[in-house]
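Let's take a friendly look at how the chains of this model meet. The report goes through the contacts of one chain in turn, then turns to symmetry.

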Number of protein chains: 4
Amino acid sequence: MIPRYTPTDFAALWSTEKRYQTWLEVELAACEAMEAAGSVPKGTAAQIRPLASELVPERIDEIERTTRHDVIAFLTHVEELAGAPARFLHRGMTSSDVLDSSLAILLREATDKLIERLEKLLTAFRGRIEEHRKTPMIGRSHGIHAEPITFGLALAGHYAELARGKRELVNARATIAVGKIAGAVGTYAHLTPAIEKDALTRLGLGGETVATQIVSRDRHAVLTSAMATVATSIERFATNVRHWQRTELTEAEEAFAKGQKGSSAMPHKRNPVLSENLCGLARVVRAAVTPAFENMALWHERDISHSSVERMLLPDATATLAFMLDRTKGLVEGLVVYPDNLKKNLEMSGGLWASEGILLALVDKGMGRQDGYVLVQRNAMRAFHKEGSFVDLLLADADLRKHLSETEIRNQFDLEHALAHVDTIIDRALAVGAAS
Amino acid sequence: MIPRYTPTDFAALWSTEKRYQTWLEVELAACEAMEAAGSVPKGTAAQIRPLASELVPERIDEIERTTRHDVIAFLTHVEELAGAPARFLHRGMTSSDVLDSSLAILLREATDKLIERLEKLLTAFRGRIEEHRKTPMIGRSHGIHAEPITFGLALAGHYAELARGKRELVNARATIAVGKIAGAVGTYAHLTPAIEKDALTRLGLGGETVATQIVSRDRHAVLTSAMATVATSIERFATNVRHWQRTELTEAEEAFAKGQKGSSAMPHKRNPVLSENLCGLARVVRAAVTPAFENMALWHERDISHSSVERMLLPDATATLAFMLDRTKGLVEGLVVYPDNLKKNLEMSGGLWASEGILLALVDKGMGRQDGYVLVQRNAMRAFHKEGSFVDLLLADADLRKHLSETEIRNQFDLEHALAHVDTIIDRALAVGAAS
Amino acid sequence: MIPRYTPTDFAALWSTEKRYQTWLEVELAACEAMEAAGSVPKGTAAQIRPLASELVPERIDEIERTTRHDVIAFLTHVEELAGAPARFLHRGMTSSDVLDSSLAILLREATDKLIERLEKLLTAFRGRIEEHRKTPMIGRSHGIHAEPITFGLALAGHYAELARGKRELVNARATIAVGKIAGAVGTYAHLTPAIEKDALTRLGLGGETVATQIVSRDRHAVLTSAMATVATSIERFATNVRHWQRTELTEAEEAFAKGQKGSSAMPHKRNPVLSENLCGLARVVRAAVTPAFENMALWHERDISHSSVERMLLPDATATLAFMLDRTKGLVEGLVVYPDNLKKNLEMSGGLWASEGILLALVDKGMGRQDGYVLVQRNAMRAFHKEGSFVDLLLADADLRKHLSETEIRNQFDLEHALAHVDTIIDRALAVGAAS
Amino acid sequence: MIPRYTPTDFAALWSTEKRYQTWLEVELAACEAMEAAGSVPKGTAAQIRPLASELVPERIDEIERTTRHDVIAFLTHVEELAGAPARFLHRGMTSSDVLDSSLAILLREATDKLIERLEKLLTAFRGRIEEHRKTPMIGRSHGIHAEPITFGLALAGHYAELARGKRELVNARATIAVGKIAGAVGTYAHLTPAIEKDALTRLGLGGETVATQIVSRDRHAVLTSAMATVATSIERFATNVRHWQRTELTEAEEAFAKGQKGSSAMPHKRNPVLSENLCGLARVVRAAVTPAFENMALWHERDISHSSVERMLLPDATATLAFMLDRTKGLVEGLVVYPDNLKKNLEMSGGLWASEGILLALVDKGMGRQDGYVLVQRNAMRAFHKEGSFVDLLLADADLRKHLSETEIRNQFDLEHALAHVDTIIDRALAVGAAS
């Protein structure tokens, strides 16, 4: 997390203060569950809870320099503040009961924030999809003009993909919202499954099926993969914005703020820097995936090698993805679309996009598919080399005219026909997105 | 895929023959749908279908050397075999309609095979869990003796994790079983959504919400991540087998076949080579994850950069994971467990594992947690340095004896008590696994 | 390795036959060294060597199914063929002495082949660089027109990068060409350092400084990273070819073979599929990097987890990179460059590329940099929005004309001046490449 | 970078202050070169240089919120401070001239710091290697006892690997210490190669052979791979420390500080947490490798997608590796070695390690290798199953005694003989390390 790419709420979520507050929250929930079970005196948690606001992170860090153990340092500090009642905290628990349940709380909150942002992004897309439902443009495969689509359809493709990503995040949220209050090696040696269930319910968490000393790390890998999927879906969109904004296309552009400067050397530049930035940040989010997998195969009932990785990469990945979602929402909302340029580019290839229709018309007249292909391709290549417009070349090709009349040829150049099903596809996407 | 690590059924699944057969299957399903819709003469598919067994992969490859386009080569060959009716195949379709729908069929089949194997592995685990429900062993964190668990509980942890992995695979199967018969840029310019729906239903596939020229590659990334999760869960288990088999532990061993040799130099060796192999293969499966993400951000309505990656890594990842599941099943079934050694190791630390119980007993007597910690730790360290057994040292510690009686001390060394909740945890795991 | 992407010589290099031949080569070199040292009867190797051509891989595989150990199976087979003398083979050696020294030989050969191919690619580049030294084109940053370059200069940038990659490969070759004949845990317990040195010298290999049971795996990671660097440098070039070939640019195109077909649906398509394929294959080569790192941290004096990874990914990565180098060479040689289109695109922005020169001219007249920027940018934006050509707008801007005369303005649009240093840069690149 | 894992000097190196200071350093070096070349008035740099200490990072950030361009914001602030002379700064330059030359300076400094730390670590190793040159221990392959080594030899293997890693870092330093003062698209349109050379020489940097708008990103990938190699070499060492410290081995332990606590639940624990932490941090350093490769294939003369990745991951990777090197040095120096336990473990397998020697003795007597193997293995397996000590079983095996006398058998159990060459290997390692 660097300030440049960290939304305020994620800076707060991953702060030291929040970390210790959440630890205390877990300790108190466990304490209350033990009070209810009778293993700790009633009222203990109630006595300690008001002290939450008095926790001094710096003091905990100071103690840790001696104990070299963060949870023990924390408990020592709580004992400093609360005195005698504090000794009932953490009863039968191990550090990971606190750490992993806290991490589950923080990751659940992070995931909720991501889902909320993703929903806003989907909303932003919906507006622009409707706006450009019928704005024709050339579809491209391999960067080469293919057949017509609409700008709204292109957006709908990104929208549908992001809606699938939301489903992955929602699944991952369920996987990650799992804590553990089961003691040293997960056996409840000085606890009970009932106490764990009560405590975790107070925290809104499920319980690990079989904990070792810790919650199993496949759960975190699942979350990280889901985040990488969403980040990469954004990268696909951002890549297309970069294409659309190329000088030669200028089909759409990032909004250029008043006062913004594109280049220190070249005052004429308007660069798709937000989109490029999103492509880079997707690499950062994905960078957490392999370490998350490498964190899974811990030794025996646990080793702590996963901890340093999670301290660095979970805040990084979640905050960066949140930043990306915010930025992409702004990008979508502000995107300046140039329908005239879309039209100009669509038409620049002189109707080459109709080549498939001509081929099919020939097949319908009884010509073999591969023979027809050759006949159409030779005219396409001439048009491509600027020897005439495609339609004129076709009309002038005697071999071809043996099979197709002028009307039959001209019919294939009808844009309305080519785009007849676009509404259906867009409606389908919006329905799927709404249900996601 | 190398023969050494490729199950027979996966060699067949990813063969050239199967590939072309599946292409034809897709073309014929689409043809039948078009027949039903009236855009192709009735009976076309029925005429061509019997020729499926006559496809000659080598001939298709030969034609491809001229056309440099695999689907066109395939269609040319079908036209060679079927003559006139073949010209109605592929009507309004683009190569990716065939390729991506076929890939969906093959990946659905691959995923089904993986799920089936994983279920068998879960079954193998269940047997050994029951067998060792109550076989005590020392739990270890950081490789250091912690507190007692049972061998069955350790297995149950792996079982529960793999059952979660099954859920990921099942989700991924739904995500990947999606085809597309929508033409060049997904607009059904010469097709209809109804024809696609009919064709894909015949193939048992869902339809892409918004296709570009292709099915969106986030779907394949989701499958790859799910496979990596399962592979890495296996790695965690294999890592523990390797630990258990260490000379100093010898708690469990891979079955050693008659005639097997451990080392070309050292005839005494019995090495956990299957488990080490599984750890390596997990790296191979994971290696497909990043390329699968890098395949997502294709340009505009598609580029073909994903194709070479998928040709190599999807067969590799699926076949390797299948091989891993088979091998792990054998490993679990054949695992030789040494209860005597488990017991010996459990006892070797002279009851140090009871230190937490002593600490809690002190806290119950009113001692502050950190004070109690110091008191217990000093005896633990002496026991660790072989200055006496832990229980004897505790009994001889005058400061400690001010708070605890001999009985109170000895009670903490009761193994039954320490393992009282293990049955509950194991039952919970088995229930979750059964429901997965 | 799949046939589609495997050059013939790499198929041979990684064949089972070659593998066993190389094992025998290592055993015989070690045997000769022991003969020289007097620990094995003179003439042993000479008796066995002629049998090399009689090795039957299938028989070795058959034996391995019993021994479950490949080197022991191999030695058993050699003993079947050679009888009594074979018992002196492998004396004091461990399997890894054979396996790792053989792998070093194969990887050295693979690396030599890669370097040779890379040199041919550099040669291909040199020809095209010279050809287009002075072919002007617009330079682009962020996909947006920036200032003029030449096509030869663009190629020279890729050339210089690939020449650096060659240096990495050459370094990696030295790192990887290291064997080991030091016995079970590398202590020469039944060998001597002198025997190892003699044997490895016969094989053209250096010796591992401190072997455990194996050659250290950092060496293989270094090679894999070097290969990934070269593959990704090719990806950068291929990405630019894809850009140049875009319909709107058509600045350069992949050679389109006679008979080649671009699309099964659209006969007009000419797609940069070779370049896209190269981008995908770069992902495949890079996929070997993380597993190569994960292979490094083996346990104690070795575990065998690296073996399965290397069996799959080292042939894949080396063969795929070789294929990429071949394909890229063909791509460079066949690249169809369109100087007219390069010129047309350069001019399409009405000289906006001169904006920096105007800014500098203003600064030279004493204007503050940021004030000048504002003045130039406002005209650039008007030109961008087609309100006139950039030069005319500048000439008509009264504020600007207070500082610059018509001549001073027009001078900034001189292409010769803008490209004055290009020759120097290209010469520098060619000199560096020649020295690489 | 999080404070927990960031050495102070790296926090300073990657601070905003240092960043802007380095930018100014580059601008002034370029300015001085232009003064020398006559394109900027003499004395300009000298007038501005004293203002370096007055730069206010917050003010630059404030301006950037309007310009959305960091270098322009910086220049605007310098102009605020320096007035008129500032307009000569950045003449003919583009932002990347400043950014990339600065990054080269910072990475050169970072790499120097890493090399310096690595040298200190090598020194620490040397002391412990000498100390334990002759401390015997059992070598292990696959976690199973193999043959004897010494603890010093095990350390020497790690030492030699890290010395190779130093070579990689030194190479990478040369690759990365390259700047660029060549203007917008690297053509020196308003500069000269001579000015660049002068400026970069003042900064101690080489020049990019062919710059696009930026320095080529293969250089940064090379550095990242080198860092990952060193980090993973540390992981291998840390993994072995974790093994040595296992309860059942207790061959070596991390120094346990006074006051340190191992577990919040279990006061008896002494955990190898530093080593586990190092294993985790290696994953973090490696996480930068793939993004560094993904940063290479930028579009045309540059896009800015690499920037966000580098802002986050280059500080992270360099600082984390520096922290790892510091921590590993402390770990090596403080490592508590238990020669008695090493001896006890060596002997626990009753001399099974001598099995190879017995096999070779049989071969020397004329027995076939595979026959001998069977004979030795059957005794080894009985010893393994505690049916007697290996030497006694061998002496009692009538078949074997037909070939070997008691003396010939007992000779194979001579530790001195087994370790005869260890000194040679260690000397070799120390010589290589000294030369690195």
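## Chain B against chain A

In this predicted model, 78 residues of chain B and 78 residues of chain A make up the contact between these two chains. On the side of chain B that touches chain A, helix 9 of chain B is the biggest giver, with 13 residues. Sorted by class, the side of chain B that touches chain A holds 31 polar, 29 nonpolar and 18 charged residues.

## Chain B against chain D

Chain B also meets chain D, with 35 residues from chain B and 35 residues from chain D in the contact. Several elements of chain B each bring at least two residues to the side that touches chain D: strand 2 (144–150), helix 9 (218–245), helix 10 (273–286), helix 14 (355–364) and helix 15 (369–384). Helix 15 of chain B gives the most here, with five residues.

As for chemistry, the side of chain B that touches chain D is made of 14 nonpolar, twelve polar and nine charged residues.

## Symmetry of chains B and D

A turn of 180 degrees with a shift of 0.0 Å along the axis lays chain B on chain D, and the RMSD is 0.1 Å. This is how copies related by a two-fold axis behave. Which residue of chain B has the C-alpha nearest the axis? It is B:Glu248, whose C-alpha is 3.1 Å from the axis.

The interface residues tell a matching story: 100% of those in chain B are interface residues in chain D too, so the copies meet through the same surface.

Technical notes:
Residues are numbered from 1 along each chain as its sequence is written. Chains are lettered from A and ligands numbered from 1 in the order in which they are written. This is a predicted model: local features need pLDDT of at least 70, side-chain atom pairs count only at pLDDT 80 or more; totals for chains, interfaces and linings use all residues. Two residues are in contact if their C-beta atoms, placed from the backbone, lie within 7 Å. Helices (H or I, at least four residues) and strands (E, at least two) are DSSP runs, numbered from the N terminus. Ala, Val, Leu, Ile, Met, Phe, Trp, Tyr, Cys and Pro count as nonpolar, Asp, Glu, Lys and Arg as charged, and the others, Gly among them, as polar. Copies are superposed by least squares on the C-alpha atoms of residues with pLDDT of at least 70 in both.
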